[in-house]
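Let's take a walk through this fold together, moving from its ring contacts to its sheet and then to its helices. Have the structure open and turn it as you read.

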Amino acid sequence: MPPLDETMRQLLAAPREAGTPAAAAARDLVARHLEALGYRVERQRFRFAPSAPLGLPVFGAGLGALGLVLLAALTGTALPGWAALLLLAGGLAAVTMLAVGVGLGWVPIGGAAREDANLIATRGTGPVQRWIVAHLDTKAQAQSMAGRLVAVWFVMLAIAVLIGLAVARLWGPLPLVAAAGGAALAVLAGALTGGGRLRGGSRGARDNGTGLAGALAAAEANTASNTGILITGAEEFGLVGARIFVAERSGAIEGSVIVNLDTIDQEGQLAMVSHDARGMQLARQLAPGLDAVGLPIRLRRLPLGILTDSVPFARRGLPALTIGRLTWRTLRLIHTPADTADGLSLDTAIRIGRAVAAN
């Protein structure tokens, strides 16, 4: 078996966009590493729409158009005061449904469906009580994760402003400058979301090479037969692999806890991110075991604008959390060609993986 650092060197040498030959080669490499550790590895294959990252740009474009359409209803006298509020509510509902459909792959936009797979690694014959999860795939977009978060914040601000203007219209037509300001903000927010389209390739050293290093380190250190390793595919395309696993393997996850490792950089505060009370309780249980890593730990909820593979498990009612470590500098690198292994140490990720295995 090649040492972990050699496996990681090969994994981080090229992009691993889901549904591509490069991703398949990386998946085979990880599978061989896990099999050499004594795990039984199963491939759970699935198909997905590569247009899923367009969900946010579709919403942004719809929001910008809605802001312009609202101008007449906000400033004119031909329509009753409540018309702007009704138009806004209906427009937001329609745009949201379309964007969610695109983001979840239900409404594909161009491009043939791709095939990808999860790796399900287990030992023993008994039920798995803990799944350690990390996603394999990478993607590069016209904007970094930091840019995406800024776009989401502008979208929320634009929606709040448009709601405020629509409510104010109940008392009479609004000045054109106020309505135009709201429309301009909506158009700006929509333009910012346009960076969500795929462009180029990323080696994904931080997202999620570090999580893979942690998961493989956990697999090496693990001695329990009731711990499974799940390497998901197409996480960057709407958490597809995790959603497929939850939907098709309900028996395999019943009564288990989920520890997802995603973006564990060499700088920043260690975060244990949960989605509900069950996940927060799990975080409190695991936190003392991570003290040996020697980093301050913050327990928090998932920030708006970020999705992780622990989400589908939490929605299924399982205790689930994501462990990560990042800064704003990390966010500016994620989802860009600049996310390479140059100057990156995997030491923190590996130590966290080992600590999780021993916990």
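In this predicted model, the count of aromatic pairs comes to five. Start with Trp-153 and Trp-328: their ring centres are 6.1 Å apart and their planes meet at 20°, which is under the 30 degrees limit, so the pair is stacked. Trp-153 belongs to helix H5 (residues 145-168) and Trp-328 to helix H12 (residues 328-333), so the pair links distant parts of the chain, 175 residues apart. How much of each ring's residue is open to the outside? Trp-153 counts as partly exposed, at 45% relative accessibility, and Trp-328 is also partly exposed, with a relative accessible area of 41%.

Now look at a second pair, Phe-245 with Phe-313, which is tilted: the centres are 6.1 Å apart and the planes lie at 55°. Because Phe-245 sits in helix H8 and Phe-313 in helix H11 (residues 310-315), this pair ties together parts that are 68 residues apart in sequence. Are these two residues buried or exposed? Phe-245 counts as buried, at 0% relative accessibility, and Phe-313 is likewise buried at 0%. Elsewhere, Phe-46, Phe-48 and Phe-237 form one aromatic cluster. A charge joins the ring contacts too: Arg-123 lies over the face of Tyr-39, at 4.0 Å from the ring centre.

Helix H8 (residues 240-248), which holds Phe-245, leads us to the sheet. This helix lies across S1, strand S2 (114-122), strand S3 (130-135) and strand S4 (227-232), and runs at about 110° to S1. The sheet itself is open, with eight strands in the order S1-S2-S4-S3-S5-S8-S6-S7 and mixed pairing. Strand S1 (40-48) and strand S7 (297-301) stand at the edges; each has a single partner strand, so one side of each is left without a neighbour in the sheet. On average, neighbouring strands here are turned by 20° against each other, direction ignored. At the S7 edge, strand S6 (residues 270-274) and S7 pair in the parallel sense over five bridges. To find the register, look for Ala-271, whose bridge partner in S7 is Arg-298.

Next, follow helix H13 (residues 347-358). Its 12 residues reach 17 Å from first C-alpha to last, close to the 16 Å expected at 1.5 Å a residue. Buried residues of H13 include Ile-350, Ile-352, Gly-353 and Val-356. What covers the buried residues of this helix? The cover includes helix H1 (4-11), helix H7 (205-221) and the strands S3, S5 (257-264), S6 and S8 (320-325).

Helix H4 (residues 83-103) is another one to trace. With 21 residues at 1.5 Å a residue, H4 should span 30 Å, and its end C-alpha atoms are 30 Å apart, which agrees. Among its buried residues are Leu-88, Leu-92, Val-95 and Val-102, and the buried residues of H4 pack against helix H3 (55-75) and H5. Just after H4, Gly-105 takes a positive phi of about 85°.

Finally, return to helix H12, where Thr-330 lies. At 0% relative accessibility, Thr-330 counts as buried, whereas Trp-328 is partly exposed. Which residues does Thr-330 touch, leaving aside its neighbours within four places in sequence? Its contacts are Arg-206, Thr-263, Asp-265 and Glu-267.

Key:
Residues numbered from 1 in each chain as written. Predicted model: local features only at pLDDT ≥ 70, side-chain atom pairs only at ≥ 80, totals over all residues. Heavy atoms only, no water. Pairing = 2+ DSSP bridges. Helix = DSSP H or I, 4+ residues; strand = E, 2+ residues; numbered from the N terminus. Axes fitted to C-alpha atoms, helices over the stretch in contact; angles between N-to-C directions. Contact = heavy atoms within 4.5 Å. Phe/Tyr/Trp six-rings, centres within 6.5 Å; stacked < 30°, edge-to-face > 60°. Buried < 20%, exposed > 50% of the residue type's maximum accessible area, 1.4 Å probe, protein only. Lys NZ or Arg CZ within 6 Å of the ring centre and 35° of its normal. Expected span 1.5 Å × (residues − 1).
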